[in-house]
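Colleague: Got a minute to walk me through this one? I'd like to begin with the ligand and then move on to the fold.

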Amino acid sequence: MAGERILVLNGPNLNLLGRREPAVYGHETLDDIRRRLERRAAQLDCTLAFEQRNGEGEMVEAIHRCLDRQEGVVLNPGALAHYSIALRDAITSVGLPVVEVHLSNIYARETFRRHSVIAPVALGTITGFGPFGYELALEALVEHLRRR
Ligand code: DQA
């Protein structure tokens, strides 16, 4: 693979996908999603790194590590989307384009999920399309990077 270097970063509890509330998040595991994205990345000719972290600080550090290494981030912040100003500040600090993705439709769930503090600093948000949403996010990010 060549092309754009992209990190796919997953936040708290997403390591339990496949077992976690399957009625909401489906049956695919995070490994399934990684494999799905690696196939898509090969088609799009971009280079993928894939990570999952449970801690807010670890997520901030993962964003910092992108400096001088990655050109953009596909980010499922998990619950951090709803309250983590630290994660949002990390994004604006590194200045890299981020596409926010959620498996579930955060606007069709509890009220506290309807607000994302990440959304205003993201290029865009894809929410509610399950694992396919990651593919859409990757494609949108690559398209953005190629248009620069
Ligand atoms: C999620 C939605 C969040 O509200 C939740 O806290 C998650 C998963 C999603 O992918 O649908 O952990 O980001």
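**Around the ligand**

Modeller: Sure. Keep in mind that this is a predicted model. The ligand is surrounded by Arg20, Tyr25, Asn76, Gly78, Ala79, His82, His102, Leu103, Ser104, Ile106 and Arg113.

Colleague: OK, what does the side chain of Asn76 do there, in terms of distance to an oxygen atom of the ligand?

Modeller: An N or O atom in the Asn76 side chain sits 2.9 Å from a ligand oxygen.

Colleague: And how far is a polar side-chain atom of His82 from an oxygen atom of the ligand?

Modeller: For His82 that distance is 2.7 Å. Arg113 also has a polar side-chain atom by a ligand oxygen, at 2.9 Å.

Colleague: How much of the ligand does the protein bury?

Modeller: 99% of the 320 Å² that the ligand exposes when taken alone.

Colleague: Switching to the sheet. What's the strand order?

Modeller: E2-E1-E3-E4-E5, an open sheet of five strands with parallel pairing. At the edges you find E2, residues 47–52, and E5, residues 124–127, each pairing on one side only. On average, neighbouring strands are turned by 20° against each other, ignoring direction.

Colleague: Which helix packs on the sheet, touching E1 and E2?

Modeller: That's H2, residues 30–44. The E1 it touches covers 5–10, and the direction of H2 makes about 165° with that of E2.

Colleague: Back to the E5 edge. How many bridges does E5 share with E4?

Modeller: Four, in the parallel sense, with E4 running over residues 98–102. Along that pair, Glu100 stands opposite Thr125 in E5.

Colleague: Now helices. At what angle do H3 and H4 pack?

Modeller: About 5°, and their axes are 9 Å apart. Angles under 35 degrees count as roughly parallel, so H3 is roughly parallel to H4. H3 spans residues 56–65, while H4 spans residues 85–94.

Colleague: Which residues in H3 meet H4?

Modeller: From H3, Glu56, Met59, Val60, Ile63 and His64. What they meet in H4 is Ala86, Leu87, Ala90, Ile91 and Val94.

Colleague: Great, I'll look at those in the viewer.

Key:
Residues are numbered from 1 along each chain as its sequence is written. This is a predicted model: local features need pLDDT of at least 70, side-chain atom pairs count only at pLDDT 80 or more; totals for chains, interfaces and linings use all residues. Side-chain values use heavy atoms; hydrogens and water are left out. Two strands pair if DSSP finds at least two bridges between them. Helices (H or I, at least four residues) and strands (E, at least two) are DSSP runs, numbered from the N terminus. Axes are lines fitted to C-alpha atoms, for helices over the stretch in contact, and angles run from 0 to 180 degrees between N-to-C directions. Contact means heavy atoms within 4.5 Å. A residue is near a molecule or strand if one of its heavy atoms lies within 4 Å of it. A polar contact is a pair of N or O atoms within 3.5 Å; within protein, one must be able to donate a hydrogen and the other to accept it, and residues adjacent in sequence count only if both atoms are side-chain atoms. Accessible areas come from the Shrake-Rupley method with a 1.4 Å probe; for residues, only the protein chains shown count as cover. Angles under 35 degrees count as roughly parallel, over 145 as roughly antiparallel, 65 to 115 as roughly perpendicular and the rest as oblique.
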